[in-house]
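Dear colleague,

I am passing on the structure we spoke about, and below it I have set out what was found in it. Please keep it open while you read, so that you can look up each place as it is named.

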Amino acid sequence: VSGAGEPNKGILERLNADEIVIGDGGFVFALEKRGYVKAGPWTPEAAAEHPEAVRQLHREFLRAGSNVMQTFTFYASDDKLENRGNALSFTGQQINEAACDLAREVANEGDALVAGGVSQTPSYLSCKSESEVKAIFKKQMDVFIKKNVDFLIAEYFEHVEEAEWAVQVLKDTKKPVAATMCIGPMGDMHGVTPGECAVRLVKAGADIVGVNCHFDPMTCVKTVAMMKAAVEKAGLKAHYIVQPLAYHTPDCGCQGFIDLPEFPFALEPRVLTRWDMQHYAREAFKAGIRYIGGCCGFEPYHIRAVAEELAPERGFLPKAAEKHGMWGSGLEMHTKPWVRARARREYWEKMKPASGRPLCPSMSTPDGWGVTKGHADLMQQKEATTKDQLRPLFNKADTKN
């Protein structure tokens with residue numbers, strides 16, 4: 001068991017050397033479950049309000065094998081922080097700075113890099129201009145430069161145009177830039193294919209391209225494979241990243257899991273096991289992806305599974321493996337003989353977990369209202385959503401169901 005590497009090596013040095021970089025997980029979902037983030041806004045004020053919670057989650061992912069401490073700055077642009085009546089005690093700058101400090105503190109405890117992240121904006125959905133949207137990204141980027149993060153990530157973009165704008169802003173720093181879109185094989189919300197999205201992002205200046213969130217691991221691996229093929233066909237070069245959900249989503253449409261009726265409070269029956277995660281890690285590696293991490297639903301034990309699966313290639317296990325026997329070997333010490341009989345790879349690879357829920361459907365019908373940027377329903381506002389605004393939404397949902 002070891003985590004020792006060369007902490008001074010940058011992200012591109014590692015990827016150029018064909019090293020495996022393991023990302024972390026979905027902080028907003030993990031911290032919402034722990035009571036520090038509100039579902040709905042999904043904003044990261046906990047970095048300033050409850051730094052101890054954010055610090056501890058960073059440490060758990062580091063111990064599990066993460067090489068990247070991504071700043072807890074998801075949706076930390078001012079227009080999102082103040083959207084729909086979300087009242088804050090801290091400024092956007094305070095939240096972003098606190099997030100950078102926490103990520104750096106924990107990264108310095110191991111072999112990890114700090115990545116500053118920006119994500120899609122309400123301003124883009126409200127059809128604000130390119131210059132207005134880019135100014136929002138620049139405001140966050142200025143904090144990342146002040147705090148000297150190691151590289152930058154433009155993540156969670158549903159529209160390739162907005163992702164391009166983010167990359168164009170971030171690349172001005174001369175730091176490495178990764179760009180991930182929350183899309184599946186059907187492409188972005190305006191039908192731009194994954195391959196075209198990737199080519200456009202590389203041309204915009206991204207060094208690393210891929211996907212995050214919205215879909216399950218194998219769907220995301222398939223999507224990144226489509227991106228890789230298109231980039232290579234175009235004669236371009238890039239590295240590839242995948243940071244999927246920890247949920248099974250075979251029934252999702254173009255917009256992914258947010259269309260599922262279970263989103264976000266009833267997704268637990270869909271959670272991948274650690275053995276599913278080992279399969280994901282192996283398939284991602286076989287697809288040529290070297291930056292392998294997670295997003296919503298990922299907990300540290302999921303990342304540990306990724307690190308354990310890829311230990312032969314990396315040459316070491318994560319520290320958290322001290323408390324986990326490979327393929328359940330720790331069960332050899334269990335008091336019950338029938339549980340000791342499960343201490344083997346064959347058992348867990350063939351396991352078909354039951355939901356324990358009588359009459360539970362195997363799949364759901366996504367809502368899929370089909371609205372995206374440019375639609376009147378997606379115009380954002382500072383004021384809280386009113387009952388008059390909610391009533392037609394409830395009626396529409398009830399009619400569809």
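What is the mean pLDDT of the protein chain, and what share of its residues reach 70 or more? This is a predicted model, and its mean pLDDT is 94, with 98% of the residues at 70 or more. Residues 1–5 are a stretch to treat with care, since their pLDDT is below 50, although in the model this stretch has 12 contacts beyond near neighbours in sequence. Where pLDDT is low, the predicted coordinates should not be read in detail.

On the annotation side, an unreviewed UniProt entry lists residues 9–310 as "domain: Hcy-binding". Over these residues the chain is 45% helix and 12% strand, and the C-alpha atoms at the two ends are 20 Å apart.

Turning to the interior, the largest nonpolar core holds 101 residues, and those that touch the most other members are F72, L201, V242, F257 and Y280. Helix α6, which covers residues 92–107, gives this core its largest share, namely eight residues. There is also a second, separate core of 12 residues, including L15, L113, I208 and I241. As general background, nonpolar side chains tend to be buried together in soluble globular proteins. To see what surrounds one member of the largest core, you could start from V242, whose contacts, once neighbours within four places in sequence are left aside, include V211, C220, V221, V224, Y280 and I289.

Why can helix α10 be called largely enclosed by the rest of the structure? Eight of the 11 residues in this helix, which runs over residues 194–204, are buried, so the rest of the structure largely encloses it. The buried ones are P194, G195, C197, A198, V199, L201, V202 and A204, and they pack against two helices, α9 (160–170) and α11 (217–233), and two strands, β5 (177–181) and β6 (208–212). After α10 comes G205, which has a positive phi near 125 degrees.

Two residues other than glycine also have a positive phi, and they are worth reading side by side. Y75 has a phi near 60 degrees and lies in the loop between β2 (68–70) and α5 (78–81), while K174 has a phi of about 70 degrees and is found in the loop between α9 and β5. Is each of them buried or exposed? Y75 counts as buried because its relative accessibility is 11%, under the 20% cut-off, whereas K174, at 75% relative accessibility, counts as exposed.

The loop that holds Y75, between β2 and α5, also holds T71, which counts as buried at 4% relative accessibility. A polar atom of the T71 side chain lies 3.3 Å from the backbone nitrogen of G117. Leaving aside neighbours within four places in sequence, T71 is in contact with A99, C100, A103, V114, A115, G116, G117 and F144.

Lastly, please look at the peptide bond from F263 to P264, which is cis, with omega near -10 degrees. P264 is found in the loop between β7 (239–243) and α12 (274–286).

With best wishes

Conventions
Residues numbered from 1 in each chain as written. Predicted model: local features only at pLDDT ≥ 70, side-chain atom pairs only at ≥ 80, totals over all residues. Heavy atoms only, no water. UniProt positions renumbered as here; feature names shortened; annotations may be inferred. Helix = DSSP H or I, 4+ residues; strand = E, 2+ residues; numbered from the N terminus. Core = buried A, V, L, I, M, F, W, Y, C linked by side-chain atoms within 4.5 Å. Buried < 20%, exposed > 50% of the residue type's maximum accessible area, 1.4 Å probe, protein only. Contact = heavy atoms within 4.5 Å. pLDDT = per-residue confidence, 0-100. Polar contact = N/O pair within 3.5 Å; in protein donor to acceptor, adjacent residues only side chain to side chain.
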